[in-house]
Amino acid sequence: MDQETRKIPASIALGQLRKLWPEYDKPATAMQLENRFALDDLKRVAQQDNHISRLLSLIGLA
């Protein structure tokens, strides 16, 4: 989806998210997240977020 580097103001973030994921309901359940995202998606995000990168490393997925 290549959205991990977008900078979106908080005031419009929910509307933008719903354009990409219309069935999104805040907060998403673990099952919704599992059905929507794969490990490759998380690894792409980890390239932009040091905390997620470290977490993946700590749990052996990086």
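A residue counts as buried under 20% relative accessible area, as exposed over 50%, and as partly exposed in between. Keep that scale at hand for the exercises below, which work through a predicted model.

**Exercise 1. Describe the overall make-up of the protein chain.**

Step 1. Start with the secondary structure: the chain has four helices and zero strands. In sequence order this reads α-α-α-α.

Step 2. Turn to the dimensions. The C-alpha trace spans about 35 × 25 × 20 Å along its principal axes.

Step 3. Finish with the surface. About 5200 Å² is accessible, and carbon and sulfur atoms account for 55% of that area. Of the 62 residues, 8% are buried.

**Exercise 2. Work out which salt bridges R44 and R36 form, and how accessible each arginine is.**

Step 1. The whole structure holds two salt bridges, so look for a side-chain nitrogen of Lys or Arg within 4 Å of a carboxyl oxygen of Asp or Glu.

Step 2. Take R44 to begin with. Its partner is D41, with N and O 3.2 Å apart. Both residues belong to helix 3, and because they are three residues apart, about one helical turn separates them.

Step 3. Place R44 on the accessibility scale: its relative accessibility is 24%, so R44 is partly exposed.

Step 4. Now take R36, which pairs with E23; their closest N and O atoms lie 3.8 Å apart. This bridge links distant parts of the chain, since R36 sits in helix 2 (residues 30-36) and E23 in the loop between helix 1 (10-20) and helix 2, 13 residues apart.

Step 5. With a relative accessible area of 25%, R36 is partly exposed too.

**Exercise 3. Determine how helix 3 and helix 4 are oriented, and which residues make their contact.**

Step 1. The axes of helix 3 (residues 39-46) and helix 4 (residues 50-58) approach within 7 Å, crossing at roughly 130 degrees.

Step 2. Angles over 145 degrees would count as roughly antiparallel and 65 to 115 as roughly perpendicular. The two helices are therefore oblique to each other.

Step 3. Helix 3 contributes L42, K43, V45 and A46 to the contact, while helix 4 contributes I52, S53 and L56. By type, these are five nonpolar residues, one polar and one charged.

**Exercise 4. Decide whether L56 is buried or exposed, and list its contacts.**

Step 1. L56 lies in helix 4. Its relative accessibility is 3%, so L56 is buried.

Step 2. Leaving out residues up to four places away in sequence, L56 touches L42, K43, A46, L61 and A62.

Step 3. For K43, 13 residues away along the chain, the C-alpha separation from L56 is 8.0 Å.

Technical notes. Residues numbered from 1 in each chain as written. Predicted model: local features only at pLDDT ≥ 70, side-chain atom pairs only at ≥ 80, totals over all residues. Heavy atoms only, no water. Axes fitted to C-alpha atoms, helices over the stretch in contact; angles between N-to-C directions. Parallel < 35°, antiparallel > 145°, perpendicular 65-115°, else oblique. Contact = heavy atoms within 4.5 Å. Nonpolar A, V, L, I, M, F, W, Y, C, P; charged D, E, K, R; others polar. Buried < 20%, exposed > 50% of the residue type's maximum accessible area, 1.4 Å probe, protein only. Areas by Shrake-Rupley, 256 points an atom, 1.4 Å probe, with all protein chains shown as cover.
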